[in-house]
Amino acid sequence: MEPEFIPAYQPKEGARRARELFEKTFSAAPSGVWRAPGRVNVIGEHTDYNGGKALPLALPHAIYVALKVREDDQLKIISEDFPELSILKLSDLEKHYPAKGPGAFVGGVILGLVQVLRDSGLEENARQLQARVPGLEVAVASSVPLSAGLSSSAALECAIAVGIDELADLGLAESFDGRKLLVAAGKLAENRYVGAPTGGLDQSASMLCEKDCVLELDCATWQTRSHPFDLPSLGLSLLVIDTCTSHDLADGQYGARRAACEEAARILGVSELGELVPETISPADNLTDLNADNYPPSWVCQQLDKLENAEQISRVRHVLTEIARCQLLCELLEAGAAPDQWRKLLDASHESLRRDYEVSCEELDTAVAAARKAGAYGARMTGGGFGGCAITLVDSDRVETTARAVVKAFNKAGYNQPRFLSVLPSAPAGKVE
Ligand code: GLA
């Protein structure tokens, strides 16, 4: 069977779809259309809520929202993917959460931003937002596959965030620091109003990544740095493999990993595990061969020796080595190293997530193995795991061949048909029209 590729909407097309859906549903024109991208993480997985580093890029696949303010406090949301109109009162969400459905995301961002502004001492802005955006009509068009681990939720949150920022005339999206407040609002929406204890990587990627770059994100300080990631000039493509197996961050497994890390940090006497990673990683440290005697490096072993529970030891081993792998890849990018010098870091990241963090699944392992066998420059699962997507770097003329090899492996194993996205790093959240 031929591999199925999921195309990204061009911004004009995405905007047209959202606008037409809005006009058909609400019999009026929207005030504007905003766009926010999904993301993949190149490396640094399950490091964000541990105060470590991550290295995401924004996908060309994005969510488009057409918006118009309502005078009452209702949220009315229609989406191409869920054609039934969803209605929710913002005042109800304020009292009853976590909640399900698109209203929890949209309303969560509005309530989240009010809270974030207050916490930052911007009371006047918080009041302005409440007065100017009491409720909202929303039409959503998306080329980000849903529940695939590509952050369609964060993309929706960020599209709403940049939209209400402009509708309330706050101007936050115009500055980097302002964008960080919008990131915080999206994160709060997800943590409090949706009930998924996620770490902020996804919203940061959607809001702060730059076109043709990967974003070095330090989740302890929320400092960032963009590294050029010009794949075409290297003759490479980034292939995303959607295993089409389900993935739900609010189902308890993700929260259990997070709780294990927090407990380990408490035992080890730090507020976040990331504090235990040295600032500079020694080139002599083995971070890639998980079966070698000298894995993990001695500074990791020193910490693991203080823990007793075998499962906790594995979780911490993943987190500490993964943060170090991410730091190393950032250094290699900085030095302009070729991908064949860092492919092992991607492969080791997957192995560590599979073996120590136990968030991979058979489909992800099969996708990664098939891509590597077809000659990829490293392959790994991306995002929270338990299904979802894998990424792999391949020679540009081998995209189809690699995809075909994955389809063949999936067919042989009797899995769902996988789907593919061939992507370049795209622009962050913003207004389209
Ligand atoms: C999900 C979460 C993120 C992050 C990743 C794993 O995408 O939303 O906060 O923890 O998993 O790196």
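This briefing covers the domains, sheets, salt bridges and one loop residue of the structure above. The model is a predicted one, and its chain is divided into domain 1, comprising residues 4–227 + 427–431, and domain 2, comprising residues 229–423. Across the whole model the count comes to 29 salt bridges, of which four are described below together with the secondary structure elements that carry some of their residues.

**Domains and their contact**

- The centres of domain 1 and domain 2, taken over C-alpha atoms, are separated by 26 Å, and the contact between the two domains takes 41 residues from domain 1 and 51 residues from domain 2.
- About 3,700 Å² of area is buried between domain 1 and domain 2, and carbon and sulfur atoms give 66% of that area.
- Between domain 1 and domain 2 the count is 2 salt bridges.

**Open sheet and the helix across it**

- An open sheet is formed by 5 strands, which follow the order β1-β13-β10-β12-β11 with mixed pairing; its edge strands are β1 (4–5) and β11, each of which pairs on one side only.
- Within this order, strand β10 (residues 236–242) and strand β13 (residues 419–423) are paired in the antiparallel sense over 5 bridges, and D242 has R419 in β13 as its bridge partner.
- Helix α11 (residues 339–355) lies across β10, β11 and β12 (389–395), and runs at about 50° to β11.

**Pairings of strand β5**

- Strand β5 (residues 74–79) runs antiparallel to strand β6 (residues 86–89), to which 4 bridges join it, and the hairpin that joins β5 to β6 passes through 6 residues.
- In this antiparallel pairing, L75 stands opposite L88 in β6.
- Strand β5 is also joined by 5 bridges to strand β7 (residues 135–142), the two running parallel, and here I78 stands opposite A139 in β7.

**Salt bridges within single helices**

- In helix α8 (residues 253–268), R266 and E263 lie 3 residues apart, about one turn of the helix, and they form a salt bridge in which the closest N and O atoms are 2.9 Å apart.
- R266 counts as exposed because its relative accessibility is 56%, where the threshold for that class is over 50%; E263, with a relative accessibility of 34%, counts as partly exposed.
- R315 and E311 form a salt bridge with their closest N and O atoms 3.7 Å apart, and the two residues, 4 residues apart in helix α10 (residues 310–334), are separated by about one helical turn.
- The partners of this bridge in α10 fall into separate accessibility classes: R315 is buried because its relative accessible area is 5%, which is under 20%, whereas E311, at 48% relative accessibility, counts as partly exposed.

**Salt bridges beyond a single helix**

- R380 forms a salt bridge with E322, and the closest N and O atoms of this pair are 3.9 Å apart.
- The pair of R380 and E322 links distant parts of the chain, since R380 belongs to strand β11 (residues 379–382) and E322 to helix α10, with their positions 58 residues apart.
- R380 and E322 are both buried, and salt bridges that share partners join E45, E322, R325 and R380 into one network.
- A salt bridge is also formed by E334 with R225, the closest N and O atoms being 3.0 Å apart.

**The loop residue P30**

- P30 is found in the loop between α1 (11–26) and β2 (32–41), and P30 is classed as buried because its relative accessible area of 16% is under 20%.
- When residues up to four places away in sequence are not counted, P30 touches R19, F22, E23, A66, L67 and K68.
- P30 and S237 are 207 residues apart along the chain, and their C-alpha atoms are separated by 37 Å.

Technical notes: Residues numbered from 1 in each chain as written. Predicted model: local features only at pLDDT ≥ 70, side-chain atom pairs only at ≥ 80, totals over all residues. Heavy atoms only, no water. Salt bridge = Lys/Arg side-chain N within 4 Å of Asp/Glu carboxyl O. Buried < 20%, exposed > 50% of the residue type's maximum accessible area, 1.4 Å probe, protein only. Pairing = 2+ DSSP bridges. Contact = heavy atoms within 4.5 Å. Axes fitted to C-alpha atoms, helices over the stretch in contact; angles between N-to-C directions. Domains from an automatic or database assignment. Buried area = accessible area lost by both parts, 1.4 Å probe.
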